[in-house]
Amino acid sequence: SSGINAEWPLRPGSENNTIRQYAATILRQKIERIWSKLDNDLKNGIKTICLQVLQSQVTKEVRNSVTAVICVITKHEFSSWPELLNFITAACYSDNLPAKELGLYMLGVVSESVGVEMEPHFNSMFELYANCLSHHNQPEVLHLTCVAMSQLVPYLGSNHAQKFGVLLPNAINAIQILLGVDEDKACTSFELFDSLLECEVAIIVPHLTSLLTLCLEVTKNTAFD
């Protein structure tokens, strides 16, 4: 027996978030070792429950733990789980702010995990980034979008560099907005350009002037550490 049934406190009906977080952690540890040995019904059940939990009101700790379970699964079968990307995309385009933030968080974590397998979806992801970067009155959306973009950088390659580069003025603008609202999130968002310098320097070149202007703004802000 896989012993996976013991983790069913993860189900949305369980109201104790501490138990749900613990259940997700144990589930992740187990499936890391035995996912390939589970039968398809059990695999599908776990995938369904993970998405159901994230649709309910959960703490960030539960969200993070369940997303970690999802990342383990994607390493085995991202391409055979289209429902996941559909879920993430719908959440990112949602008018509901917590749902949008959830979708962007998941997009960033999954991109880090299996970015190379997401290549067929890059163009639609770029459209999604552009949409989210236009939400100037939602700082966490701007922050999570920049983080998600950063996680995708190592997988871009020359084929997608130009389309990704088109997004950079909007990302620079987002960081400028964040500087006046939440300096920690502005700093984390700026890691997008650190990633580009490491992997895809050529993408930055057309935007050097505005990027240097942003850097000067950062250094002028005495509260920014």
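This is a chat about the pockets and helix packing of a predicted model.

Trainee: Let's start with the largest pocket. How much space lies in it?

Mentor: About 350 Å³. Its lining has 17 residues, and L54, S56, P98, A99 and L102 are the closest to its centre.

Trainee: Which helices supply at least two residues of that lining?

Mentor: α2 (40-55), α3 (60-77), α4 (82-92), α5 (97-114) and α7 (139-152) each do.

Trainee: And where does the largest share come from?

Mentor: From α5, with 4 residues.

Trainee: What's the lining like by class?

Mentor: The largest pocket is lined by 8 nonpolar, 5 polar and 4 charged residues.

Trainee: Next pocket. What volume does the second largest one have?

Mentor: About 190 Å³. Its lining counts 13 residues. Nearest the centre are P82, L85, N86, T89 and H121.

Trainee: Which helix gives the most there?

Mentor: α4, with 5 residues. Both α4 and α6 (122-133) supply at least two.

Trainee: How many charged residues are in that lining?

Mentor: None. The second largest pocket has 8 nonpolar and 5 polar residues in its lining, and no charged ones.

Trainee: Switching to packing. At what angle do α6 and α7 pack?

Mentor: About 155°, and their axes are 9 Å apart. Angles over 145 degrees count as roughly antiparallel, so α6 and α7 are roughly antiparallel to each other.

Trainee: Left-handed or right-handed crossing?

Mentor: α6 passes α7 in a left-handed crossing.

Trainee: Which residues make the contact?

Mentor: On α6, F122, M125, F126, Y129, C132 and L133. On α7, V141, L142, T145, C146, A148, M149 and L152. By class, that contact has 12 nonpolar residues, 1 polar and no charged.

Trainee: Now α4 and α5. How do their axes cross?

Mentor: At roughly 135°, coming within 7 Å. That angle makes α4 oblique to α5.

Trainee: What's the handedness of that crossing?

Mentor: Left-handed, as α4 passes α5.

Trainee: Which residues are in contact there?

Mentor: α4 brings L84, F87, I88, A91 and C92. α5 brings A99, K100, L102, G103, L104, M106, L107 and V110.

Trainee: How do they divide by class?

Mentor: The contact of α4 with α5 has 11 nonpolar residues, 1 polar and 1 charged.

Trainee: Didn't A99 and L102 come up before? Where do they lie in the largest pocket?

Mentor: They are among the residues closest to its centre. A99 and L102 also belong to the α5 side of the contact with α4.

Conventions. Residues are numbered from 1 along each chain as its sequence is written. This is a predicted model: local features need pLDDT of at least 70, side-chain atom pairs count only at pLDDT 80 or more; totals for chains, interfaces and linings use all residues. Side-chain values use heavy atoms; hydrogens and water are left out. On a 1 Å grid over the protein atoms alone, a cavity is a set of points where a 1.4 Å probe fits but cannot get out, and a pocket is an open set with protein on both sides within 12 Å along at least five of seven lines; lining residues have an atom within 4 Å of a point. Grid points are joined across faces, edges and corners, and a volume is the space filled by probe spheres set on the points. Ala, Val, Leu, Ile, Met, Phe, Trp, Tyr, Cys and Pro count as nonpolar, Asp, Glu, Lys and Arg as charged, and the others, Gly among them, as polar. Axes are lines fitted to C-alpha atoms, for helices over the stretch in contact, and angles run from 0 to 180 degrees between N-to-C directions. Angles under 35 degrees count as roughly parallel, over 145 as roughly antiparallel, 65 to 115 as roughly perpendicular and the rest as oblique. A crossing is left-handed if the near helix is turned anticlockwise from the far one by less than a right angle, and right-handed if clockwise. Contact means heavy atoms within 4.5 Å.
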